[in-house]
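This report introduces a protein structure to a reader who has not met it before. Please keep the sequence and the model in view while reading.

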Amino acid sequence: MSAISTASADSAESQARPRIVIAGAGPAAQALVRQLTQTPFAGAITVLSNRDDAPDELLELAALEQVSVRFGQPASYIDPDSRYVTTSDGLEFSYDQLVIATGSSPAGAPLAGEGRCLNYATIDDAARLGEAVKDVTRVLGRRPLGILVGTGTSAGQAEAVLRARGVRPIRTTQRPAAVVPTLAGSPLAAAGVVFEDGSSMAGDLVVLAEEPLARDALAVSAGLKTARQGGIVIDRNFRTSVPGIWAIGDAAVFDGVRLGLLVAASSAASVCASQLLQAGLAETLADAA
């Protein structure tokens, strides 16, 4: 066989392999890749990451034979008719199934001293918050007094976690101007918060549970249905309003609530992976008919 015919055969084989492109590289995207690579899925998986750095968890996925991670190449445009995605640098990736996992971003400006706070944005943060509270309780030798900043579902969930762990939460819907540090040598991170008017609240820990904004601009540009409060509308199978496009993680909204507040990333990824495999099999059978 000539070199030309060999190249043509390789190209045809590559085109025959099912292609899943994932726009985003956060926890939900990573969980989905792990689920897909643990199944009989024999296709190619491309992850478009907006991160220029290469954290260990992404490098581990990139080392898998069927996975390609494009660092610093966020998806910027979707052509749902021709089924291809364009990155911010103009690279084009064709797909059979596209999953949007662009996550969310903070709604407000960075808070002075924010690094001293605990955070609650998705249901996956519950375990981390619980472990942090255990450490604070161990240091204090008593029930901690916690300051909870935020409104909405995420703040309600965070309050439930705090109460279950024995914290006495004081909730405020007013955003503070800064987080007050503890005295030098203290093992605790925060001593309270101060507001713009000069008033303050003292506590043993500060939890930020402000509602983030879903990163849904990519979906909007492709004509996908989005929720009034932001977020990509999905059904219970993670399908969006456009065939061949799915959404997972904190960019997705189901029944008016951000998916990240409803389902843990690993559980959502398991169901979404199963649906993607079924959709790929259905399309293969349809093409063969």
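The report below treats the sheets, a pair of helices and the largest pocket in turn.

The structure is a predicted model.

**The parallel sheet**

One open sheet contains five strands, arranged in the order E3-E2-E1-E7-E18 and paired in parallel. Its edges are formed by strand E3 (67-70) and strand E18 (245-247); each has a single partner strand, so one side of each is left without a neighbour in the sheet. On average, and with direction ignored, neighbouring strands of this sheet are turned by 20 degrees against each other. At the E3 end of the order, strand E2 (residues 44-48) runs parallel to E3 and is joined to it by four bridges. Within this pairing, Leu-48 has Arg-70 in E3 as its bridge partner.

**The antiparallel sheet**

A further open sheet has three strands in the order E4-E5-E6, and here the pairing is antiparallel. E4 and E6 stand at its edges, and because each has a single partner strand, one side of each is left without a neighbour in the sheet. The average turn between neighbouring strands of this sheet is 25 degrees, direction ignored. The table lists its two strand pairs.

| Strand pair | Sense | Bridges |
|---|---|---|
| E4 (residues 75-79) and E5 (residues 84-87) | antiparallel | four bridges |
| E5 and E6 (residues 92-94) | antiparallel | three bridges |

Individual residues mark out these pairings. Asp-79 has Tyr-84 in E5 as its bridge partner, and Tyr-84 also stands opposite Ser-94 in E6. Further along, Thr-86 is bridged to Glu-92 in E6.

Both pairs are hairpins. The hairpin of E4 and E5 has four residues between the strands, and Arg-83 there takes a positive phi near 60 degrees. In the hairpin of E5 and E6, four residues again lie between the strands, and Gly-90 in the turn has a positive phi of about 90 degrees.

**Helices H4 and H5**

Two packed helices are described by the angle between their axes and the distance between the axes. The axes of helix H4 (residues 125-140) and helix H5 (residues 152-164) cross at roughly 40 degrees and come within 10 Å. The crossing of H4 with H5 is right-handed. On the H4 side, the residues in contact are Ala-126, Leu-129, Gly-130 and Val-133, and they meet Ala-158, Val-161 and Leu-162 in H5. By class, the residues of this contact comprise six nonpolar, one polar and no charged.

**The largest pocket**

Rolling a probe the size of a water molecule over the atoms shows where empty space is left. In this model, the largest pocket holds about 1100 Å³ of space. Its lining is made up of 50 residues, of which Gly-103, Ser-104, Ser-105, Arg-215 and Asp-250 are the closest to its centre. The lining divides into 26 nonpolar, 13 polar and eleven charged residues.

Which elements each supply at least two residues of this lining? They are helix H2 (27-37), strand E8 (104-105), strand E9 (118-119), H4, helix H6 (217-221) and helix H7 (265-288). H4 gives the most, with four residues in the lining of the largest pocket. Helix H4 therefore appears twice in this account, since its axis comes within 10 Å of that of H5 and it also supplies residues to the pocket lining.

Terms used: Residues numbered from 1 in each chain as written. Predicted model: local features only at pLDDT ≥ 70, side-chain atom pairs only at ≥ 80, totals over all residues. Heavy atoms only, no water. Axes fitted to C-alpha atoms, helices over the stretch in contact; angles between N-to-C directions. Left-handed = near helix turned anticlockwise from the far one by under 90°. Contact = heavy atoms within 4.5 Å. Nonpolar A, V, L, I, M, F, W, Y, C, P; charged D, E, K, R; others polar. Pairing = 2+ DSSP bridges. 1 Å grid on protein atoms, 1.4 Å probe; cavity = no way out; pocket = protein on both sides within 12 Å on 5 of 7 lines; lining within 4 Å. Points joined across faces, edges and corners; volume = space filled by probe spheres on them.
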